[in-house]
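Me: Please take one part of this structure and go through it closely. Start with any term I need, and then move on to the other parts.

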Amino acid sequence: MSTQDQELQSFISYLQNERHYSSKTIKSYQTDLLEAKAFWQTNGGFVSWQKISERDVEIFLQSLAERNLTRTTQARKMSSLRSFYRFLVRRKIVKVNPTQTITLHKKNRKLPQFFYTPEMKQVFATLTATDPLTERNLAMFELFYTTGMRVSEVSELKIGQLDLDLKVILVHGKGNKDRYVAFDEQTKTALVQYLTDARPQLLGQQDDTQTVFLNNQGHPITPRGIEYVMQKVFNKAGVSGKVHPHELRHSFATAMLNNGADLRSVQELLGHANLSTTQIYTHVTMSHLQANYEQFFTRNNQKDEAK
């Protein structure tokens, strides 16, 4: 194994054993770094990670932009490089981090898509049947909507993480970071009904892994499975177009801020490491506030009332 391969392998080991990242996240880091290495090998000859300069990083970023990759994808690849070089600096493998002064050109950030309250009521109104899958879907989407959990967190949720009396969940989030989220009485009712009635029927003779949400074969439902079910349920309820579980997380955050929650509290509930990640929702809520302001506080209306 070459020195440069050893350095990359040490970083991967660090992500696994010290940061406790998921295999999917680690694979993403590895793919991004190998892609950058391959680019530099093709364009100028890659010698070692220590020899990469700021100019090399800038040229790589330019190549990503020329491929018309989304800004999100470019930012992720840049983040992988930054994390790797911070690691190399801390281990004294490189002296200067070539990514530290590099910034992506700013573009308008895409606002998160979310569901309005009437749309969610419409969905829940269609989930009234008492068959096991419908009871599961009701409990699952109630939980999504009232907690803002990630789809991976819901699919991996264990019964032991639920406290039905206190109506809280201990969520195991990204980077092995735990947090508590709360849910309401309506969600508790749906969960209790599912756990006591529907889940035993779905489990059947399968070994019980204590995973909360199961598929129709009695196995833990996967994130892809949740996405598939959500598409069918929401379209059947009259919510058209492509939908994704992450939009329920967006809906939770937007509803919290619209109803007066402070940004720090929402950050904690969502499990965001940085407040800047949560701040994207303020653009949505500011649009909501601006619309209300223009409707209820217009100088024209005041002039009309004075006449």
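Reply: Start with pairing: two strands pair if DSSP finds at least two bridges between them. Keep in mind that this is a predicted model.

The part to look at closely is the sheet. Three strands form it, and it is open. Their order is S1-S2-S3, with antiparallel pairing. Look at the edges next. S1 covers residues 162-163 and S3 covers 178-182. Each of these edge strands pairs on one side only. Now take S2, residues 168-172. Five bridges join S2 to S3, and the two run antiparallel. Here is one pair to find: Val 168 has Ala 182 in S3 as its bridge partner.

Now turn to a pair of helices. Two packed helices are described by the angle between their axes and the distance between the axes. H2 spans residues 23-42, and H3 spans residues 54-66. Their axes come within 11 Å and cross at roughly 105°. H2 and H3 are therefore roughly perpendicular to each other. On the H2 side, the contact uses Glu 35, Ala 36, Phe 39 and Trp 40. On the H3 side, Asp 56, Val 57, Ile 59, Phe 60, Ser 63 and Leu 64 take part. By class, the contact has seven nonpolar residues, one polar and two charged.

Last, look at some empty space. The second largest pocket holds about 350 Å³. It is lined by 15 residues, and the closest to its centre are Arg 136, Asn 137, Val 229, Lys 232 and Val 233. Helix H6 (132-147) and helix H9 (223-236) each give two or more residues to this lining. H9 gives the most, with six residues. The lining as a whole has six nonpolar, six polar and three charged residues.

Definitions and conventions:
Residues are numbered from 1 along each chain as its sequence is written. This is a predicted model: local features need pLDDT of at least 70, side-chain atom pairs count only at pLDDT 80 or more; totals for chains, interfaces and linings use all residues. Side-chain values use heavy atoms; hydrogens and water are left out. On a 1 Å grid over the protein atoms alone, a cavity is a set of points where a 1.4 Å probe fits but cannot get out, and a pocket is an open set with protein on both sides within 12 Å along at least five of seven lines; lining residues have an atom within 4 Å of a point. Grid points are joined across faces, edges and corners, and a volume is the space filled by probe spheres set on the points. Helices (H or I, at least four residues) and strands (E, at least two) are DSSP runs, numbered from the N terminus. Ala, Val, Leu, Ile, Met, Phe, Trp, Tyr, Cys and Pro count as nonpolar, Asp, Glu, Lys and Arg as charged, and the others, Gly among them, as polar. Axes are lines fitted to C-alpha atoms, for helices over the stretch in contact, and angles run from 0 to 180 degrees between N-to-C directions. Angles under 35 degrees count as roughly parallel, over 145 as roughly antiparallel, 65 to 115 as roughly perpendicular and the rest as oblique. Contact means heavy atoms within 4.5 Å.
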